[in-house]
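Me: I should like to take a close look at a single part of this structure. Please describe that part and what lies around it, and explain each term as it comes up.

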Amino acid sequence: MSAYRWKSFAEDEDRPEKPRRHGVTEIRGPHYSFLNQNLLQDIFESMGPFVDGLKFSGGSHSLMPKSFVKEITDIAHEHNVYVSTGDWAEHLLRQGPSAFKEYVQECKQLGFDTVELNVGTLEIPEDTLLRFVRTVKSGGLRAKPLFAVKFNKSDIPRAGDRAFGAYVVPEPRSSEFIEDVDLLIRRAERCLEAGADMIMIDPDDVCDADAVRSDIIAKIVGRLGLEKTMFEASNARTSEWFIQRYGPRVNLFVDHSQVMDLECLRGRKLGKNHSSVLGSSYFLF
């Protein structure tokens, strides 16, 4: 394991031992492809010190037997890796007001550590969102709301609306979406005040494969802080941009195939040609 000799973890460095509050690497679990237990075991055994979290994207866990989901969460916990539900809670709203609480309880039983709340697809009032955050926390799990930079026009408060908490007559749903980073930050701050552990930023129109909106990212990080935000890096170029701009303390969500590449970027004195440290063949599972 000579490739790891350059890597060390210390509490006073930018890359402390797990569990980390910053420099978190969360990987995508079953979604676009089916990850079996052997592959996950190989990932955790070879790169466990560099992986902080595993996310079941796209509600994939809802299609699996509960016993299989529990086996995966147990494997992750053996390697000190937390497990997130991904954005699935919005599908429970049609089942009634008690469905979300039951969902949180079931997530706890299956071994999940974090419940992600996709604010854009939930389409609920802000006070309901904050209640969901508190429900997750009271259930003994971490809450991670996911915000997009664009909001439905009907969700944007009009000028002259009263203070937060006062009743505002709801408007009909609109098909128009408007970019409003200030509204994103204000609502994220309220979620953090309600007990949310981290804010996930939707990559669309912020850090997708085509472009990185450095102005929006700088404003979010400046107001919420690096420790409380997580961004998705869809490719190595985006990961490199984040590390060069914000250093190894930035929290990133990546595909499992990018873990070692990202950790090389987080390392010290590796230069821009980080891919040469292990070679491209290492990343082929």
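Reply: Two strands are said to pair if DSSP finds at least two bridges between them. Strands (E, at least two residues) and helices (H or I, at least four residues) are themselves DSSP runs, numbered from the N terminus. This is a predicted model, in which local features need pLDDT of at least 70, side-chain atom pairs count only at pLDDT 80 or more, and totals for chains, interfaces and linings use all residues. Residues are numbered from 1 along each chain as its sequence is written, and side-chain values use heavy atoms, with hydrogens and water left out.

The part chosen for the close look is strand β10, which spans residues 251–255. Five of the five residues in β10 are buried (under 20% relative accessible area, where over 50% is exposed and anything in between partly exposed, with a 1.4 Å probe and protein chains only). The strand is accordingly described as mostly covered.

Which strands pair with β10? One partner is β1, residues 25–28, which runs parallel to β10 and is joined to it by four bridges. Another partner is β9, residues 229–232, which also pairs with β10 in the parallel sense, over three bridges. Phenylalanine 253 of β10 helps to show both contacts. Glutamate 26 stands opposite phenylalanine 253, and phenylalanine 253 is also the bridge partner of glutamate 232. Between β9 and β10 the chain passes through helix α8, residues 236–246, and this β-α-β crossover is right-handed: with the strands pointing away from the viewer, the path from the first strand over the helix to the second runs clockwise.

The next step outward from β10 is to follow β9. In a regular strand the side chains alternate between the two faces of the sheet. Both faces of β9 are covered: Thr229 and Phe231 are buried on one side, and Met230 and Glu232 are buried on the other. Strand β9 is also joined to β8, residues 199–201, by three bridges, and these two strands run parallel. Within that pairing, isoleucine 199 has threonine 229 of β9 as its bridge partner.

On the β1 side, several contacts bring together parts that lie far apart in the sequence. Isoleucine 27 belongs to strand β1 and counts as buried because its relative accessible area is 0%. Its C-alpha atom is separated by 5.2 Å from that of histidine 256, although these positions lie 229 residues apart along the chain. Valine 24 sits in the segment before β1, and it counts as buried because its relative accessible area is 4%. From C-alpha to C-alpha, valine 24 is 4.6 Å from asparagine 251, a residue 227 positions away in sequence. A third pair involves strand β2, residues 53–55, where leucine 54 is found. Leucine 54 has a relative accessibility of 0% and therefore counts as buried. The C-alpha atoms of leucine 54 and aspartate 255 are 10.0 Å apart, with 201 residues separating the two in sequence.

Some features of the backbone deserve notice as well. Most residues other than glycine have a negative phi, and most peptide bonds are trans. The peptide bond joining lysine 18 and proline 19 is cis, with omega of about -5 degrees, and proline 19 lies in the segment before β1. Asparagine 80 is not a glycine, yet its phi is positive, at about 60 degrees. It occupies the loop between α2 (66–78) and β3 (82–87), and it counts as partly exposed because its relative accessibility is 40%. Glutamate 123 likewise has a positive phi, of about 50 degrees, without being a glycine; its place is the loop between α4 (119–122) and α5 (126–138).

How many disulfides are there? The count comes to zero, where a disulfide is a pair of cysteine sulfur atoms within 2.5 Å. Cysteine 191 counts as buried because its relative accessibility is 0%, and cysteine 264, with a relative accessible area of 2%, is therefore buried too.

To return to the part chosen, β10 is a mostly covered strand that pairs in parallel with β1 and with β9.
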